[in-house]
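Colleague: Thanks for making time to go through this model with me. Shall we start with the strands and then move on to the pockets and the loops?

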Amino acid sequence: MASHGRVINFGAGPSALPTSVLEEATNGLLNFNGTGLGIAEISHRSKEFTKYLSEVESSIRKLLDVPTTHHILFTQGGGSAQFSAIVLNLLARHRLLHPNLTDDERVMDYVLTGSWSKKASEEAKRLGGGKVNIVTDARKFSKDQKSFDNIPAHDSYTFSCDPALIYYCENETVDGVQFSPDDSSPSSFPFHLPKQSSLLPLVGDHSSSFMSRPIARLAEHAVIYAGAQKNIGPAGLTVLIVRHDCIVDVDAAAKLGAAPVPLTMSYKTLADSGSLYNTPPVLPIYITGLVLQHALKQGGLERYAALNTRKAEKLYAAVREGADKGVLQAKVKEGSGSQMNIVFDVIKGDLRTFVGDAEASGMKGLAGHRSVGGVRISIYNAVTEEETDRVINYIKCFVDKNSVSQ
């Protein structure tokens with residue numbers, strides 16, 4: 001057990017936060033920056049909070065090297081709300097660029113690599129305003145033609161000509177697949193393939209990998225968004241990095257036939273108000289700011305990238321060893337595995353025993369997502385290498401106990 005009676009949180013989200021940050025946050029709950037008011041009580045329009053919000057933005061810019069061509073916005077609703085907001089804002093942009101096209105002539109490109117990209121594409125179809133083109137579907141290249149167990153090869157991608165948006169999910173939390181940051185890898189995103197007459201409308205859902213490593217070709221993206229509750233804070237905050245040309249007059253687009261955009265979903269509303277059109281998620285923003293300050297002190301994303309790579313490599317090695325002994329089975333093809341969410345099945349021994357005994361030993365959150373089952377071990381930034389080694393040792397003991405050789 002860790003201090004304060006805490007256990008190790010391997011859950012996929014809301015997930016582990018640094019203990020030192022949580023300790024500091026308790027002070028802010030009572031007295032935020034010497035105001036005499038707790039952070040959960042203070043006005044979001046006070047000079048103290050607006051200054052703090054600016055500092056949070058500055059930390060994000062430093063850690064990710066965000067160019068001045070992009071706004072940083074803070075909002076609510078998580079990634080699921082952005083499934084809708086992305087469609088509405090980028091269709092409005094496309095309408096302003098191409099006012100004479102019909103809805104049937106507008107296309108939205110979706111890259112399907114897992115449960116979240118599938119949900120995003122379904123929301124785009126539901127909202128309408130344009131056709132959805134499935135650029136590639138990883139299930140077609142899986143062992144059973146049903147599972148999301150791979151990142152498809154580049155030659156399977158079929159992008160549209162001048163789409164309103166190109167969506168991908170960088171890390172699929174449920175299915176445990178992730179794009180490689182290395183352009184030379186066959187599991188990287190094929191940034192070189194989409195052809196565009198204007199700026200590329202590339203949209204990246206980085207919710208479960210945000211701040212775990214640098215973002216490949218960040219400046220080329222139209223929008224990057226991330227729910228905070230994986231690597232940087234509590235649930236309730238969504239961070240948006242939006243290129244200036246994607247912050248458009250949605251009311252002007254509506255007059256041309258685009259769907260009206262709710263004010264709180266309009267990127268222009270958020271940008272014009274400095275993310276303070278309505279009360280933002282003040283407490284999650286505060287804790288996120290503390291986590292980002294902690295990350296800067298720890299050495300930034302280069303350090304986290306190296307650390308997370310070591311953690312994942314050791315954990316995957318333990319799963320392979322378990323597979324060689326007939327006890328475990330990897331769920332993702334080699335080379336496509338997530339660095340954040342490692343998934344596998346228990347094929348010899350009891351899954352409930354695996355999860356239950358781990359919990360009894362102070363390791364929680366190991367059960368796979370309810371839609372796919374199995375085991376899922378999430379090793380976000382706040383999960384230390386020592387904690388990762390502890391679950392690896394647990395896996396090895398479980399494998400030895402249930403090995404076919406015994």
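Colleague: How many bridges join strand S12 to S14?

Modeller: Happy to start there, and please keep in mind that this is a predicted model. Strand S12 covers residues 341-346, and S12 and S14 run antiparallel. One of the pairs links asparagine 341 to its bridge partner in S14, serine 378. The number of bridges joining S12 to S14 is 4.

Colleague: Which strands stand at the edges of that sheet?

Modeller: The sheet is open, has 3 strands with antiparallel pairing, and follows the order S11-S12-S14. An edge strand has a single partner strand, so one side is left without a neighbour in the sheet. That description fits strand S11 (328-330) and strand S14 (375-378).

Colleague: By what angle are neighbouring strands of this sheet turned against each other on average?

Modeller: This value belongs to the open sheet with the order S11-S12-S14. The angle ignores direction, and its average for neighbouring strands is 35°.

Colleague: Let's turn to the pockets. Which helix gives the most to the lining of the largest pocket?

Modeller: The largest pocket has a volume of about 540 Å³. Of its 23 lining residues, the closest to the centre are Tyr316, Gly335, Ser336, Gly337 and Ser338. By class, the lining holds 8 nonpolar, 9 polar and 6 charged residues. With 6 residues, the helix that gives the most is H8 (residues 300-324).

Colleague: And which element gives the most to the lining of the second largest pocket?

Modeller: That pocket has a volume of about 420 Å³, and of the 29 residues lining it, Pro18, Asn381, Ala382, Val383 and Thr384 are the closest to its centre. Its lining has 16 nonpolar, 8 polar and 5 charged residues. Strand S1 (8-9), helix H7 (282-298), H8 and helix H10 (385-402) each supply at least two lining residues. With 5 residues, the element that gives the most is H7.

Colleague: What about enclosed space: how much lies in the largest cavity?

Modeller: The count comes to 1 cavity of 30 Å³ or more. Its lining has 15 residues, and Glu170, His206, Pro214, Ile215 and Ala216 are the closest to the centre. The lining divides into 10 nonpolar, 3 polar and 2 charged residues. The space in this cavity is about 130 Å³.

Colleague: Is serine 208 buried or exposed?

Modeller: Serine 208 is found in the loop between strand S8 (202-205) and strand S9 (223-227). Its side chain makes a polar contact of 3.1 Å with the side chain of threonine 173. The relative accessibility of serine 208 is 1%, and the cut-off for burial is under 20%, so serine 208 counts as buried.

Colleague: How does arginine 217 count by relative accessibility?

Modeller: Arginine 217 also has its place in the loop between S8 and S9. It has a positive phi of about 50° although it is not a glycine. With a relative accessibility of 32%, arginine 217 counts as partly exposed.

Colleague: Where does aspartate 162 lie?

Modeller: Aspartate 162 is not a glycine, yet it has a positive phi of about 60°. At 15% relative accessibility, it counts as buried. Its place is in the loop between strand S4 (131-137) and strand S5 (165-169).

Colleague: One last point: which residues does a cis peptide bond join?

Modeller: One partner, proline 14, lies in the loop between S1 and helix H1 (19-30). Omega is about -5° for this bond, and the residues joined are glycine 13 and proline 14.

Conventions. Residues numbered from 1 in each chain as written. Predicted model: local features only at pLDDT ≥ 70, side-chain atom pairs only at ≥ 80, totals over all residues. Heavy atoms only, no water. 1 Å grid on protein atoms, 1.4 Å probe; cavity = no way out; pocket = protein on both sides within 12 Å on 5 of 7 lines; lining within 4 Å. Points joined across faces, edges and corners; volume = space filled by probe spheres on them. Nonpolar A, V, L, I, M, F, W, Y, C, P; charged D, E, K, R; others polar. Pairing = 2+ DSSP bridges. Axes fitted to C-alpha atoms, helices over the stretch in contact; angles between N-to-C directions. Buried < 20%, exposed > 50% of the residue type's maximum accessible area, 1.4 Å probe, protein only. Polar contact = N/O pair within 3.5 Å; in protein donor to acceptor, adjacent residues only side chain to side chain.
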